[in-house]
Amino acid sequence: MEIKETLLTTDTQSLSPVSGVANFFKVEDVFNMARANSLWPLTFGLACCAIEFMAGGAARFDMDRFGFGVVRPSPRQADLMIVAGTISRKMVPCIKTLYDQMPAPKYVIALGGCATAGGPFKYPGQYGILEGIDKIIPVNVYVPGCPPRPEALIAGIMELQRQIKSKEVKGTMTQAVVHDSQDNRPAEYKNAISRVEFRKPPTPPAAPSPENKS
Amino acid sequence: MSFILQEIIKIILYGTLVTLFVSVNALFLIWLERRVSARIQLRRGPIHVGWQGSLQTVADAIKLLTKELVLPKESDKFLYMMAPLIVFAPIVAAFLILPLGPHFVMRDLNIGFLFVFSLTNISFIGIFIAGWASNNKYALLGSMRAVAQNISYEIPLLLSTMGVVMAAQTMKMSELVAAQEKTWFIATQPLAFLIFFCASLAEANRAPFDIPEAESELVAGFHTEYSGMRFALFFLGEYTAIFISSAIAATLFLGGWRSPVPGLPAGSLAGPFWLLLKTYGIVFVVMWVRWTFPRLRSDQLMNFAWKVLIPFAILNVFVTALVIQCQKFFA
Amino acid sequence: MPVLEKDITSWLREVVKPEEFNEKNLKTSGVLFEAVVAQNKIREVAREFLAQDYFLESLTAVDFAECLEVVYHFNRWSEPSRSCVKILVPKNDGKPEDGRWTAPSISSIYKSAAWFEREIFEFFGIIFTDHPNLKRLLLPESSVIFPLLKSFKGEPAGSDVTQSLKLMKEDTEGFQILYPQQVTEQATKHKRDYYLNLGPQHPSTHGVLRVLLHLDGERVIDAEPIIGYSHRHHEKMMEIQTYVACWPNMGRLDYVGAMSYNFGYAVLVEKAMGVTPPPRVEYIRVLTTELNRLASHLLWAGTFLMDLGAFTPFFYCFDDRENILDILEMTTGERLTYDYFRFGGLDKDIHPDMIPAIKKFIPEFKKHLKDYDGLVTKNIIFKKRTRNLGILSKEAAISYGVTGPSLRASGVPFDLRRAEPYSIYPELDFNIPTRSEGDVYSRYWVRMKEMEESLKIIAQVIEKMPAGEVTLGKLPKNVPKGEYYSAVESTRGLFGMYLISDGSLNPYRLKLRTPSFSNLNSIIHMLPGCLISDVVAVLGSIDIVLPEIDR
């Protein structure tokens, strides 16, 4: 399976470096520092990981200390989408719409096993979930866990901050069209049993009591 | 120098100072809000970006400046772009009449604070335009609620100040401060102060009256579709409006640039200091109230304005008039 | 006064003349009797059950080789009397796409049946005649699969994304496709009313719920909840897993109150195998479940108050909840999605520091509860926002199958820990807080009082806990052949599980009757007439967790 990496850096041209006489800040560096320190997440919780996201913003773990506590409900005002939880097929168009509505520069963190690669709901022949959000939008940081602790989430966002400040922001996408579920274990699907067979009492029948006919 | 040249230099100087002050003030207030709310909520708030988080709002502002500006499909483009300016500009113009010291006011208009409240009405037209031009049902709902709220709360806001005006016999801001030489008006008009405080909370769309931008109901209210610097202008406008109403409350009821302790100096240098101290005290109480109470529903909001605040404001005017007449009669 | 279940039993036998009738033992199989009736008699049966104050607890279907079985479970509040009625839908060697598998709908009698029947339609292909709105519930409208049939062995294009992206078109034009009449009316008649979509991404953090509101200004005329955005195919998955491998599923259904789901699964399989866990296990199970109940109610309180606009209690509640999570993490190692119970015992014994930590926690928490009382319950703005709003009457509660604190706030003291006791609950002393008004304030009040009752239970359990072992050792890997039903009181209501085991290593059919499914259905009754701000308050007060609804 190919992994296609798209570079999502935000500077288009760099000024030529000048050293010695004066120390210039590149304007892009200042912008990147500002963007890294002021990430505004979108309130977007899908399942269990959303609770750990909320706990991360609550009093004990307090994400606001680092600057990413201003959680905006509208995608137009947010720049970080933390996909927290399992993505069902029905939800896919909504996520794509939300991602498209966010203005650039925007970042995505896949929180938890489900958003990374399907998580515990991946089984041979699954019909309901999308195995990983990176099949439709580019992901910058993957945070593993089921669910990851709030400290892990904060570590993930700090890794994103490091990437933004050092201009290494990479959005990763995996190949979108796969013909089998990525879970290749042999599946134990059984055929339907006959009802008549099922209703027969188990052999050898114990002393049949009027209350325990099966 | 000729008079006109002097005036022009004064205007440019004041304009620059006011703009600078508004920006720095907004940055400070947003930082203060985040720290105050954090303390009330058992946590710390931004502490890592700069000394004690002071550069946090600077980072936010720079980030907002460099965001992509979006234009929603089928929105009214001209109105969509004008709305944040219409919301922000009149509030800045309100600094015109604020007396910072004994002879330190830019334009001592004889209608005083009435001028400010007329201007802030224009900013509400801006909110209405923002909701309409966004082509979004949530935004429209938010802006309609904002307009209803503004219209309802204008009346108690002005009625509550009538008591003060009657006692001081003037609307000029400098003379209002002069009239508080012996006692501040909060002691003689406590009811008016409370009504003014509630009404100015509602005018600034602050909780418990923040129905127009009710985050948990309407996504983000009238500024749902705004991003980047346009959104920042709405934010700045809100915090500057809080500052202006608190400053006017401080001037009308808490003695303006006068010092609370009789002995301390209150001249041209110390005057602004006292005014800022009182203003930020009221701003702190505004923030405290926001994080303590749940939100009122829109019809309960209207009920509160029309059935509670207005009758009490009228009562206050009546009682003040009675007291003034009795004083004249017996003196 | 004659015992009522004999009445319904004798009525069934004499009037309806069922094709099969078996009396069963309530303790071992979970139902009093099981009857198979003819298809055309089921409506009469449902009407009689409704007349005798039974509510529809669960409605599901099972796929056999020659026919499909539609299984109705009725239960009553006043005393344990769960009854199972079935109808058969012959397959006649057909396919679900032919549309010839039909059964009568009882949604005109029991309103909760509407959603159950839509779910059976989309998973099995049975068409319910006279159903008002038979369209798919949990899967996207454009799906063509019937997943829970045994003939469905997996989606060949497992994670094909292009199919999902096609759904984008359906989503944006979805309203036009689903409601064409309203669209033309709106365009031509200039009516005042309009449609507003609340969700699926919404700041009121209940998960991904979408409510389509039909509004006149700010007043709600009609509301339709649209679910399925969190469907994680638990039931199909469990059919190809062994019983032990299903434990993680139990932790992830209602992740906020996962211990009670663990409890339900343990009780079910232990009932089926006929084993009793050692006494220490029972005490630890009740202790951890009640601690989890506290944590769940605290999370609910925080998010409910945040919906109303009070941001601060959210942080206070979460802080208290973190203390509870620390205690549970000491023992289980998990913060949120517990799978601590095992069949016949537990994963491991409790940590030695756990009980001292709980003893320290209880008085501190009692003080905090008093703070919440002063800060929130007595606040005039809060009372104005919540009193006389979203009223749920007893008749509506029966019809929609509402259970849990939402039901107890409508005046019905129905709690499975007292009505159908399991584990050591009969020996513990606690009350069931009930309130009669049925409005949002009552539901809030009931949950706050339940927290106090849970503290009482925890204190008693710590005193009485015996020493002993925490496991029964190795148990057989398969469950004896048969049908079993078991229900426990989870934090949100009655969590029922219906297991059909064919004696092999995997469950043949495991139906999860989750409380939030029926509770959410009841907002169709509560919302008309509210303002938009009230919609959020009512939704918050019924306390739903979406993955539990969508399974």
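In chain B, helix α1 meets helix α10 through B:Leu29, B:Glu33, B:Val36 and B:Ser37 on the α1(B) side and B:Val283, B:Phe284 and B:Met287 on the α10(B) side. Residues are in contact here if their C-beta atoms, placed from the backbone, lie within 7 Å. Helices are DSSP runs (H or I, at least four residues), numbered from the N terminus. The contact of α1(B) with α10(B) holds five nonpolar residues, one polar and one charged. Ala, Val, Leu, Ile, Met, Phe, Trp, Tyr, Cys and Pro count as nonpolar, Asp, Glu, Lys and Arg as charged, and the others, Gly among them, as polar.

A word on the model: it is predicted, with local features needing pLDDT of at least 70 and side-chain atom pairs pLDDT 80 or more, while totals for chains, interfaces and linings use all residues. Residues are numbered from 1 along each chain as its sequence is written, and chains are lettered from A and ligands numbered from 1 in the order in which they are written.

The axes of α1(B) and α10(B) (residues 270–290) lie 10 Å apart at an angle of about 50°. Axes are lines fitted to C-alpha atoms, for helices over the stretch in contact, and angles run from 0 to 180 degrees between N-to-C directions.

Now for the domains, whose bounds come from an automatic or database domain assignment. Their centres, taken over C-alpha atoms, are 19 Å apart.

| Domain of chain B | Range | Residues in the contact |
|---|---|---|
| domain 1 | 1–66 | 17 residues |
| domain 2 | 67–330 | 16 residues |

On the domain 1 side, α1(B) gives the largest share, 11 residues.

How values were computed. Contact = placed C-beta atoms within 7 Å. Helix = DSSP H or I, 4+ residues; strand = E, 2+ residues; numbered from the N terminus.
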